[in-house]
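Trainee: I would like to learn how to read a binding site, beginning with the space itself and then moving to the molecule in it. Could you take me through one?

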Amino acid sequence: MKPSFDSRILLVGGPGGVGKTTLAASLGVALAEQGFKTVVLTVDPARRLAQALGFENFPNEVNRVPLVQGGELFASMLDTQRYFDRIIEKFANTPDQKKKILENPMYQIMVDSLGGSHEYAAMERLLEISQDPSWDKIVVDTPPTDNAMDLIAAPKRLADFMDNSVLSWFQSGGALYLRLFRAGTRIAMKALQAILGSDFLDSLGKFLTDLEGMQAGFQNRHREVLAMLRSKDCSFFLTTFPSQARWEDSGRLLTALAGESIPLRGVFLNRVEPQPTALNGDVSLSSEQRQEVEKLLAFRRQEVEHQKPWTEKFATLPADFLVQIPRQTQPVHDVASLSELGRILLS
Ligand SMILES: Nc1ncnc2c1ncn2[C@@H]1O[C@H](COP(=O)(O)OP(=O)(O)OP(=O)(O)O)[C@@H](O)[C@H]1O
Ligand SMILES: [Mg+2]
């Protein structure tokens, strides 16, 4: 079936390192060239790609990307720290609570270490952008998670974290337990204090108390995110690579998506090895050179053979379409090469 990108929100997910960021940007270029006002929400692009998307000077802004073929393309990089701060601002019940959380050193530790907080920031940003009706298409690159369901589960995970017993334990008996810990009976806690400083437990206790009351906000957010992902407005595209490891990773992701009733719209099978052409007889090469080239061609043919059964397996997935994107011999870092890949995606 011909690829269709009729939804407004296009999520590009998949295992780590398969080309999600590259293909999300390519899709953005192609849609903009078709006349849609498009924004690409991207995560941690490689340096040269970031340059091409205009992030060099204004990493936190929505930047206009100049296109050779014309069209309105904008790109925005996800700065998780900044958006996490805004999330706290949104859900804090009072200005005082907001200030206390943002200034607490535990806050930074939590943002960096709590699983899913970066994914949560991505979701928050997406909800925000999707509420702006001026965008025709919103292409969303997703963070390199083994399990992209982290993205969907993140708001609930945060709500659970605030709900869980360790939290209430600290909140209810805070002062007493803190005194006990301070008595130094627990080696682990002492070690933590040594690493994080003597204010650590104080900060933790205060931080958890300040977070109190924010659970409901996170839980509602989880429902909003799910509703958006399940709506007709949103499509999920799996980016993957023809190998056993990527087949298995993708399977886990798709099972989790199905569990949340989020349909798979299309598959981008990336870096498919092109069939190498035979060495032309009239190319003038020494017999040694010819042997070297033949070895290389044999290696490439072998790669084609390795990929073949996995390509066939991916074709059986219950998606509306599958596009094969050939492995490019040049790096895909500029708008011209993104446009070339984008045209393959749309063809
Ligand atoms: N079709 C392709 N042919 C050749 N190189 C490609 C192709 N697609 C992507 N690449 C290259 O593969 C590398 C990884 O791509 P990219 O950063 O887009 O992957 P990713 O899935 O976003 O990774 P991560 O999971 O770390 O975010 C980049 O150097 C990119 O230029
Ligand atoms: Mg990426």
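Mentor: In this predicted model, the largest pocket has a volume of about 490 Å³. Its lining is made up of 25 residues, and those nearest its centre are Gly17, Val18, Gly19, Thr22 and Arg271.

Trainee: Which elements give two or more residues to the lining of the largest pocket?

Mentor: They are H1, E7 and E8, with H1 giving the largest share, three residues. By residue class, the lining of the largest pocket divides into eleven nonpolar, nine polar and five charged residues.

Trainee: Where does ligand 1 sit?

Mentor: Ligand 1 sits in that largest pocket, and 15 residues surround the ligand, the closest being Gly17, Lys20, Thr21, Thr22 and Gln328.

Trainee: How is the shell around ligand 1 divided into nonpolar, polar and charged residues?

Mentor: The shell holds five nonpolar, seven polar and three charged residues. At least two shell residues come from each of helix H1 (20-33), strand E7 (264-272) and strand E8 (321-326), and the largest share, three residues, is that of H1.

Trainee: Which N or O atoms of the protein should I look at beside the oxygen and nitrogen atoms of ligand 1?

Mentor: A pair of N or O atoms counts as a polar contact within 3.5 Å, and three pairs are worth inspecting with that cut-off in mind. For Val18, a backbone N or O atom lies 3.1 Å from an oxygen atom of ligand 1, whereas for Arg271 an N or O atom in the side chain is 2.9 Å from an oxygen atom of the ligand. At Pro326, a backbone N or O atom is found 3.3 Å from a nitrogen atom of ligand 1.

Trainee: How much of the area that ligand 1 exposes when taken alone does the protein bury?

Mentor: Taken alone, ligand 1 exposes 640 Å², and 78% of that area is buried by the protein.

Key:
Residues numbered from 1 in each chain as written. Chains lettered and ligands numbered in written order. Predicted model: local features only at pLDDT ≥ 70, side-chain atom pairs only at ≥ 80, totals over all residues. Heavy atoms only, no water. Near = heavy atom within 4 Å. Polar contact = N/O pair within 3.5 Å; in protein donor to acceptor, adjacent residues only side chain to side chain. Areas by Shrake-Rupley, 256 points an atom, 1.4 Å probe, with all protein chains shown as cover. 1 Å grid on protein atoms, 1.4 Å probe; cavity = no way out; pocket = protein on both sides within 12 Å on 5 of 7 lines; lining within 4 Å. Sits in = over half its atoms within 2 Å of the grid points. Helix = DSSP H or I, 4+ residues; strand = E, 2+ residues; numbered from the N terminus. Nonpolar A, V, L, I, M, F, W, Y, C, P; charged D, E, K, R; others polar. Points joined across faces, edges and corners; volume = space filled by probe spheres on them.
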